[in-house]
Amino acid sequence: MIERVLQLPNGVSIAYQLALRARKTIGLKITAQGLVVHAPKRISHSQLQDILLQKSHWIQQKLHQREAQQVLPMQWQDGEPLLFMGQDIQLSLSRHAKSLPVLLVGDMLCVRSPNVDDPAWVAQRVLQWYAQQALPDFTRRVQLLATQMGEAVTRVALSNAKSRWGSCNSLKQIRLNWRLIQAPPHIIQYVVAHEMAHLKEMNHSPRFYSVLGQLFPQHLQVEKEMKAWSSVLHRMA
Ligand SMILES: [Zn+2]
């Protein structure tokens, strides 16, 4: 890969990576690292420049779109947008002589305390609130499915895993990532159903998917949707 810069007539410069390949056409790709150009080995600098200038509108549009999709890190400030069961809610911080329990009022998650200027403190209280909402919700879903399946679960616990949404072990213990409580209910239900299906089949065999299909018929569609949610749900540390 060669690092290059495309200068646009309007003064904007766009850095890109150039890969020269045995090919006849030019391919443009927007990746997490930005613009990547695949071009034929013998292309001249000015030929390439001309083509990129012709495509500059498309390139700029795509780069802007990617920027807009990037999830902003949490600031833990008043007005911070949050998600709860798929609903957009807002963090509301107000100074109070003593710390009161965190409370969801309409679409406002109210944190009242003398410590609202301390982002680490606010983060801890908010995460605690999410965990408190998550456990009873997940437990209820597990119990309903367990009854439906004629299975018994010995324990439902929250996990804080970075890369897994849930797990199920041979002791019939189910762990579910607390971050899921931010997602819409059908996403939560899908993950719960997936882990519950492992009570019957400890693998991802066709037999497993037939059990899952009975518990959650739209699983293929939601499995795909899940990928788009991942970065959003991981916004909270
Ligand atoms: Zn699985």
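**Close-up 1. Lys-200, with a relative accessible area of 42%, is partly exposed.** Keep in mind for every panel here that this is a predicted model. The side chain of Lys-200 meets that of Glu-151 in a salt bridge, with N to O at 3.3 Å. Where do the two partners sit? Lys-200 is in the loop between H4 and H5, and Glu-151 is in the loop between H3 and strand S9 (155-159), so this pair ties together parts that are 49 residues apart in sequence. Glu-151 itself counts as buried, because its relative accessibility is 18% and the cut-off for buried is under 20%. So the view pairs a partly exposed lysine with a buried glutamate. As background, side chains of opposite charge can pair when their charged atoms come close.

**Close-up 2. Asp-137, Arg-140 and Arg-141 are joined into one network by salt bridges that share partners.** The pair to look at here is Arg-140 and Asp-137, whose closest N and O atoms are 3.8 Å apart. Both of these residues belong to helix H3 (residues 119-149), and they are three residues apart, about one turn of the helix. Are the two partners buried or exposed? Asp-137 counts as buried at 10% relative accessibility, while Arg-140, at 43%, counts as partly exposed.

**Close-up 3. Glu-80 and Arg-235 meet through their side chains in a salt bridge.** The N to O distance is 2.5 Å. Glu-80 lies in the loop between helix H2 (56-69) and strand S5 (81-84), whereas Arg-235 lies in the segment after helix H6 (219-233), so the pair ties together parts that are 155 residues apart in sequence. Glu-80 counts as buried, because its relative accessibility is 6%. If you want to hunt for others, a search of the whole structure turns up seven salt bridges, this one included.

**Close-up 4. Three histidines, His-194, His-198 and His-204, coordinate the zinc ion.** Each of them uses its NE2 atom, at 2.1 Å. What spacing do the donors follow along the chain? It is H-x3-H-x5-H. His-194 lies in helix H4 (residues 185-197) and His-204 in the loop between H4 and helix H5 (206-215), so this pair ties together parts that are 10 residues apart in sequence. His-194 counts as buried, at 11% relative accessibility, but His-204 counts as exposed, at 53%.

**Close-up 5. A patch of positive charge gathers on the surface from Arg-21, Arg-23, Lys-29, Lys-41 and Arg-42.** Take Arg-21 as a way in: this arginine lies in strand S2 (residues 13-21). With 39% relative accessibility, Arg-21 counts as partly exposed.

**Close-up 6. Leu-103, Val-105 and Met-108 make up a nonpolar patch on the surface.** Together the three have about 230 Å² of accessible area. Val-105 belongs to strand S7, and its relative accessible area of 46% makes this valine partly exposed. Ala-97 is worth a look too: this alanine is found in the loop between strand S6 (87-95) and strand S7 (103-105). Is Ala-97 buried or exposed? Ala-97 counts as exposed, because its relative accessibility is 76% and the cut-off for exposed is over 50%. From the C-alpha atom of Ala-97 to that of Asn-115 the separation is 9.4 Å, with the two residues 18 apart along the chain.

**Close-up 7. Trp-76 has a positive phi although it is not a glycine.** The angle is about 60 degrees. This tryptophan is found in the loop between H2 and S5, and its relative accessible area of 11% makes Trp-76 buried.

**Close-up 8. Lys-172 also has a positive phi in a residue other than glycine.** Here the value is near 65 degrees. Which part of the chain holds Lys-172? This lysine lies in the loop between strand S10 (166-168) and strand S11 (173-177). At 29% relative accessibility, Lys-172 counts as partly exposed, whereas Trp-76 in the previous view is buried.

Note on methods:
Residues numbered from 1 in each chain as written. Predicted model: local features only at pLDDT ≥ 70, side-chain atom pairs only at ≥ 80, totals over all residues. Heavy atoms only, no water. Patch = residues over 30% accessible without salt bridge, like charges linked within 9 Å, V, L, I, M, F, W, Y side chains within 5 Å. Areas by Shrake-Rupley, 256 points an atom, 1.4 Å probe, with all protein chains shown as cover. Salt bridge = Lys/Arg side-chain N within 4 Å of Asp/Glu carboxyl O. Lys, Arg positive; Asp, Glu negative; His and termini not counted. Charge placed at Lys NZ, Arg CZ, Asp CG, Glu CD. Helix = DSSP H or I, 4+ residues; strand = E, 2+ residues; numbered from the N terminus. Buried < 20%, exposed > 50% of the residue type's maximum accessible area, 1.4 Å probe, protein only. Donors = N, O, S within 2.8 Å, 3.2 Å for Na, K, Ca; no water.
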